[in-house]
Amino acid sequence: MIIRATVANAKELTEIALKSKSYWGYSDELIESWREDLTITTKMFEDFDVYIFQINTEIAGFYILNRTNITTSFLEFLFVLPKYIKQGIGKQLLAHAIAYCIDSGSKVLNVLSDPNAQAFYTKHGFKVVAKKESSIKDRFLPEMEIKFPENM
């Protein structure tokens, strides 16, 4: 079930983000260097929409959506615990985020993807619009977007 998260979930969501990132084989040192960027803060709950996918009492994944303006939203985070990866939870979270965007009038949803997640977003209709150099030399992050038809 997908429900709105609370600030009490912040620490657990940070741990999910770190564990999910490490699923892709990044070194512990690299994951630790990203800790600050992957930390879910109290302010995020004030500024963004935070939703969790809950299985019984366990949080299996989450997303954070930033409505940057009236027509554009930005998917700040979408992470799934490694034991739930490839079980459709990421797909359900993304579908929820897209429906939320459409219902609230967004015309486009952007995401700065990890290179390992690019295929996931492409499969769900996102297109690469640019590449951004990451903190790792010669590694580029795909900037992706999906546009919603006007009549939705």
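Begin by selecting Leu75 and Val111, for the bridge partner of Leu75 in strand S5 is Val111. As you look at this pair, keep in mind that the model is a predicted one.

Now widen the selection to the two whole strands, S4 at residues 72–80 and S5 at residues 108–112. S4 and S5 pair in the parallel sense, and four bridges join them. If you colour S5 by burial, you will find that four of its five residues are buried, so this strand is largely enclosed by the rest of the structure. Buried here stands for a relative accessible area under 20%.

Next, add strand S7, residues 140–147, which pairs with S5 in the antiparallel sense over five bridges. To find one place where these strands face each other, select Val108, which stands opposite Lys147 in S7.

With these strands on screen, show the whole sheet, which is open and has seven strands in the order S1-S2-S3-S4-S5-S7-S6, with mixed pairing. Strand S1 (2–4) and strand S6 (127–133) stand at the edges, and because each has a single partner strand, one side of each is left without a neighbour in the sheet. Turn the view slowly to follow the twist, which averages 25° from one strand to the next. While you turn, it helps to remember that side chains in a regular strand alternate between the two faces of the sheet.

Stay with the edge strand S6 and select Val129, which is found there. Is Val129 buried, partly exposed or exposed? Its relative accessibility is 48%, so Val129 counts as partly exposed. Leaving aside residues up to four places away in sequence, Val129 touches Glu143, Met144 and Glu145. For a sense of distance, draw a line from the C-alpha atom of Val129 to that of Ala60, which lies 69 residues away along the chain: the two atoms are separated by 30 Å.

The last stop is the largest pocket, whose volume is about 1,200 Å³. It is lined by 38 residues, and those closest to its centre, which make a good selection to start from, are Lys21, Leu78, Phe79, Asp114 and Ala117. Which strand gives the most to the lining of the largest pocket? That strand is S4, with seven residues. Among the other elements that each supply at least two lining residues are helix H1 (10–22), helix H5 (89–103) and helix H6 (118–123), together with S5 and S6. Coloured by type, the residues of the lining divide into 19 nonpolar, nine polar and ten charged.

Terms used
Residues numbered from 1 in each chain as written. Predicted model: local features only at pLDDT ≥ 70, side-chain atom pairs only at ≥ 80, totals over all residues. Heavy atoms only, no water. Pairing = 2+ DSSP bridges. Axes fitted to C-alpha atoms, helices over the stretch in contact; angles between N-to-C directions. Buried < 20%, exposed > 50% of the residue type's maximum accessible area, 1.4 Å probe, protein only. Contact = heavy atoms within 4.5 Å. 1 Å grid on protein atoms, 1.4 Å probe; cavity = no way out; pocket = protein on both sides within 12 Å on 5 of 7 lines; lining within 4 Å. Points joined across faces, edges and corners; volume = space filled by probe spheres on them. Nonpolar A, V, L, I, M, F, W, Y, C, P; charged D, E, K, R; others polar.
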